[in-house]
Amino acid sequence: MEFVSEIFTDRECFGEGVGIGMRKEDSALRDEFNKAIAELRADGTYDAIMKKYFQYDIYGE
């Protein structure tokens with residue numbers, strides 16, 4: 001991956017953070033997805049991946 005322009009972060013246009021689409025009725029899937037993200041962040045896996053592949057915090061912090 002390579003950036004070829006500036007990074008646009010206008011919250012009025014793009015909202016906050018990133019998203020993923022899933023059906024509203026898939027609450028169990030949503031909960032598992034949120035749990036997995038929380039675990040990755042808690043055990044340091046997220047930070048290791050972010051530092052290896054990105055020059056900025058892709059989580060938006």
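Start on the surface: select Met 1, Phe 3, Ile 7, Tyr 56 and Ile 58. In this predicted model, those side chains make up a nonpolar surface patch with about 530 Å² of accessible area together.

Now keep Tyr 56 and drop the rest. You'll find Tyr 56 in the segment after α3 (45-53). Is Tyr 56 buried, exposed or something in between? Its relative accessibility is 33%, so Tyr 56 counts as partly exposed; the partly exposed class runs between 20% and 50%.

Next, add Phe 54 to the selection. A search of the whole structure turns up one aromatic pair, and here are its two partners: Phe 54 and Tyr 56. Turn the view until you can see both ring planes. The arrangement is edge-to-face, with 75 degrees between the planes and 6.1 Å centre to centre. Phe 54 also counts as partly exposed, because its relative accessibility is 24%.

From there, hop over to Arg 41 and Tyr 46. What sits over the ring of Tyr 46? That's the charged end of Arg 41, 5.2 Å from the ring centre. On the helix map, Arg 41 falls within α2 (residues 27-42), while Tyr 46 falls within α3 (45-53).

Last stop: colour the chain by pLDDT. The mean for the protein chain is 85, and 93% of the residues reach 70 or more. Select helix α2 (residues 27-42) and you have the element with the highest mean pLDDT, 94. Then select helix α1 (residues 11-14), where the mean is the lowest among the elements, at 77. A general habit to keep while you browse: where pLDDT is low, don't read the predicted coordinates in detail.

Note on methods: Residues are numbered from 1 along each chain as its sequence is written. This is a predicted model: local features need pLDDT of at least 70, side-chain atom pairs count only at pLDDT 80 or more; totals for chains, interfaces and linings use all residues. Side-chain values use heavy atoms; hydrogens and water are left out. Patches are made of residues with over 30% relative accessible area and no salt bridge: like charges are joined within 9 Å, nonpolar side chains (Val, Leu, Ile, Met, Phe, Trp, Tyr) within 5 Å. Accessible areas come from the Shrake-Rupley method with a 1.4 Å probe; for residues, only the protein chains shown count as cover. A salt bridge is a side-chain nitrogen of Lys or Arg within 4 Å of a carboxyl oxygen of Asp or Glu. Helices (H or I, at least four residues) and strands (E, at least two) are DSSP runs, numbered from the N terminus. Buried means under 20% relative accessible area, exposed over 50%, partly exposed in between (1.4 Å probe, protein chains only). pLDDT is the predictor's confidence in each residue, from 0 to 100. Rings of Phe, Tyr and Trp (its six-membered ring) pair if their centres lie within 6.5 Å; planes under 30 degrees apart count as stacked, over 60 as edge-to-face and the rest as tilted. A charge sits over a ring if NZ of Lys or CZ of Arg is within 6 Å of the ring centre and within 35 degrees of the ring normal.
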